[in-house]
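Q: I would like a careful look at one part of this model, starting from a single charged pair and working outwards to whatever surrounds it. Please keep the discussion tied to the structure itself.

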Amino acid sequence: MGYKHEQFSKKLDQNIQCSICHEVFKELMSCTAGHTFCRECIHRWLQSNERCPADNTYLDKKSLVPNLTVKGIIDDLDVYCHPVSIGNTELSPANKRIRLENSTDDEGDEENCCWTGKLQDLPTHRKTCAFELVSCTYENCKQQIKRKGFEKHKEACKYKRVACKECTSFVVECKLPEHLENDCPNAMIPCKNNCSTDGAVTKIKSHAVPPFESTVNPHGMNERFTFN
């Protein structure tokens, strides 16, 4: 698949458009007849076809070569970091800002990067772009956030590891209640059989309950009861 037309700051010539995906050439490859396609598009095409989509002649995948001349032209075109869509109309960040400034409605303003530059410089820019989506680094967290909000997310992420106040072991925050109830050696919990005993988890699981004089004895009359 090629680059979206909305990525570019100016209307483009159809000569740099892939005839398969109808988008701007990306990683373009040309055949011996001079027809050019996106690398991904033509490779996918040839999985189920053996003829050129441009002139229907036999096309061998091995005959495809990179078209560095056209690639150089496309790499030098001006692009936006992130096109912005309002309704069904694609707008650049700059044009969206003008629209919002002239609007009397409270439409709100989505935050988007207003960087523009050459296509060849876009990958380098996005490595540090504050608006690029990045993945949380905590294990099991699948959320993606804008780079500028990364540190704030890490502070609030429920998958961060925190120290248990009872035993100082580090536990995933969302698992802390389970740790306190079942694993923490110092957490104080009541006896699950509703007797008056409470204590640390490791002790309460094996404590011996003294006999009760009352006939209302949850552990049995004059019996010692041990938790397993």
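In which helix do Asp75 and Lys71 both lie, and how many residues apart are they?

A: The model is a predicted one, and all that follows should be read in that light. Asp75 and Lys71 both belong to helix H2, where four residues, or about one turn of the helix, separate them. Their side chains form a salt bridge in which the closest N and O atoms are 2.6 Å apart. The two partners sit in unlike surroundings: Asp75 has a relative accessibility of 15% and so counts as buried, the limit for that class being under 20%, whereas Lys71, at 37%, falls in the partly exposed class.

From Asp75 the path leads to Leu119, since contacts of Leu119 beyond four places in sequence include Asp75 as well as Tyr3, Phe8, Ile74, Leu77 and Val79. Leu119 occupies the loop that runs between strand S7 (116-118) and H4, and with a relative accessible area of 4% it is buried. One of those contacts, Leu77, lies 42 residues away from Leu119 along the chain, yet the C-alpha atoms of the two are separated by 5.8 Å.

Leu119 also brings in the largest pocket, which encloses about 290 Å³ of space. Sixteen residues line this pocket, and those closest to its centre are Tyr3, Phe25, Lys26, Leu119 and Leu122. Helix H2 (68-75), the helix that carries the Asp75 and Lys71 pair, supplies at least two residues of the lining, and helix H4 (122-126) likewise supplies at least two. The lining is mixed in class, with seven nonpolar, three polar and six charged residues.

Side chains of opposite charge can pair when their charged atoms come close. Over the whole structure the search finds seven salt bridges, and two others make useful companions to the one in H2. Glu40 and Arg44 meet at 2.6 Å, N to O, and they too are four residues apart within a helix, here H1 (residues 39-45), at a spacing of about one turn. In this pair both partners are partly exposed, Glu40 with a relative accessible area of 40% and Arg44 at 47% relative accessibility.

The other companion, between the side chains of Lys4 and Glu23, has an N to O distance of 2.8 Å. Lys4 and Glu23 both lie in the segment before strand S1 (28-30), and the pair therefore ties together parts that are 19 residues apart in sequence. Lys4 is partly exposed at 48% relative accessibility, while Glu23, at 9%, is buried.

The UniProt record, in an unreviewed entry, lists residues 18-56 as "domain: RING-type". In the model this stretch is 18% helix and 15% strand, with its end C-alpha atoms 16 Å apart.

To return to the starting point, the pair in H2 joins a buried Asp75 to a partly exposed Lys71, and Asp75 is in turn among the contacts of the buried Leu119, one of the residues closest to the centre of the largest pocket.

Key:
Residues numbered from 1 in each chain as written. Predicted model: local features only at pLDDT ≥ 70, side-chain atom pairs only at ≥ 80, totals over all residues. Heavy atoms only, no water. 1 Å grid on protein atoms, 1.4 Å probe; cavity = no way out; pocket = protein on both sides within 12 Å on 5 of 7 lines; lining within 4 Å. Points joined across faces, edges and corners; volume = space filled by probe spheres on them. Nonpolar A, V, L, I, M, F, W, Y, C, P; charged D, E, K, R; others polar. UniProt positions renumbered as here; feature names shortened; annotations may be inferred. Salt bridge = Lys/Arg side-chain N within 4 Å of Asp/Glu carboxyl O. Buried < 20%, exposed > 50% of the residue type's maximum accessible area, 1.4 Å probe, protein only. Contact = heavy atoms within 4.5 Å.
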